[in-house]
Amino acid sequence: MKILLDELMNKKNLTIRQVSILTGVPKSTVSDIVSRGRIPRLDTMEQLAKGLKVRIADLYESEYK
């Protein structure tokens, strides 16, 4: 599974700080997801999706989607 947060951020022209503010997810967590490819917990994915106004499925790429 690949997390597509960085692509979504580029598309919406958002910084890590802005994503953190919009979603309530700590900057360090957003940074880990974007730069280190860390797979977030489901509740974090929900927070990201809600704050960025996208579906959870828009945040990841999987052959099982």
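## Helix 2, its partners and the nonpolar core

Thr44 is buried, with a relative accessible area of 8%. That residue belongs to helix 4, and helix 4 turns up again and again below. Keep in mind that this is a predicted model. The tour runs from Thr44 to helix 2, then to the helix 2 and helix 4 crossing, the nonpolar core and a few loop residues.

**Thr44 and its surroundings**

- Leaving out residues up to four places away in sequence, Thr44 touches Val25, Thr29 and Ile33.
- Thr44 counts as buried because its 8% relative accessible area falls under the 20% cut-off.

**Helix 2: one side in, one side out**

- Helix 2 covers residues 16–23, and Val19, Ser20 and Thr23 are buried in it.
- Looking down the axis of helix 2, you find its buried residues within an arc of 100°, so they line one face of the helix.
- An α-helix has 3.6 residues a turn, so residues three or four places apart point the same way.
- On the face turned away from that buried side, helix 2 carries the exposed residues Arg17 and Ile21.
- As for packing partners, the buried residues of helix 2 sit against helix 1 (5–12), helix 3 (27–36) and helix 4.
- Right after helix 2 comes Gly24, with a positive phi near 80°.

**A closer look at Ser20**

- Ser20 is one of the residues in helix 2, and at 12% relative accessibility it counts as buried.
- Setting aside neighbours within four places in sequence, Ser20 is in contact with Val25, Pro26, Lys27 and Val30.
- Val25 is thus a contact of Ser20 and also a contact of Thr44.

**Where helix 2 meets helix 4**

- The axes of helix 2 and helix 4 come within 8 Å and cross at roughly 95°.
- That crossing makes helix 2 roughly perpendicular to helix 4.
- On the helix 2 side, the contact is made by Val19, Leu22 and Thr23, while helix 4 brings Gln47, Leu48, Gly51 and Leu52.
- Sorted by class, this contact of helix 2 with helix 4 has four nonpolar, three polar and no charged residues.

**The largest nonpolar core**

- In soluble globular proteins, nonpolar side chains tend to be buried together.
- Here the largest nonpolar core has 16 residues, and Leu5, Val19, Leu48, Leu52 and Leu59 touch the most other members.
- Helix 1, helix 3 and helix 4 are the elements that give two or more residues to this core.
- Helix 4 gives the most to this core, with four residues.
- Val19, Leu48 and Leu52 are listed among those well-connected members, and these three also take part in the contact between helix 2 and helix 4.
- Leu59 touches Lys2, Ile3, Leu4, Leu5, Leu8, Met45, Leu48, Ala49 and Val54, again without residues up to four places away in sequence.

**The loop between helix 4 and strand 2**

- Helix 4 spans 42–52 and strand 2 spans 60–61, with Ile56 in the loop between them.
- Ile56 is partly exposed, at a relative accessible area of 27%.
- Beyond residues up to four places away in sequence, Ile56 touches Leu42, Met45, Glu46 and Ala49.
- Met45 and Ala49 appear in the contacts of Ile56 and in those of Leu59 too.
- From Ile56 to Lys12, 44 residues apart along the chain, the C-alpha atoms are separated by 16 Å.
- Lys53 is found in this loop as well, and at 73% relative accessibility it counts as exposed.
- Lys53 and Lys12 are 41 residues apart in sequence, and their C-alpha atoms are 11 Å apart in space.

**Positive phi outside glycine**

- Most residues other than glycine have a negative phi, and most peptide bonds are trans.
- Lys53 goes against that habit, with a positive phi near 60° in a residue other than glycine.
- Asn13 is not a glycine either, yet its phi is positive, about 55°.
- Asn13 is found in the loop between helix 1 and helix 2, and it counts as exposed at 67% relative accessibility.

Technical notes. Residues numbered from 1 in each chain as written. Predicted model: local features only at pLDDT ≥ 70, side-chain atom pairs only at ≥ 80, totals over all residues. Heavy atoms only, no water. Buried < 20%, exposed > 50% of the residue type's maximum accessible area, 1.4 Å probe, protein only. Contact = heavy atoms within 4.5 Å. Arc of directions from axis to C-beta. Axes fitted to C-alpha atoms, helices over the stretch in contact; angles between N-to-C directions. Parallel < 35°, antiparallel > 145°, perpendicular 65-115°, else oblique. Nonpolar A, V, L, I, M, F, W, Y, C, P; charged D, E, K, R; others polar. Core = buried A, V, L, I, M, F, W, Y, C linked by side-chain atoms within 4.5 Å.
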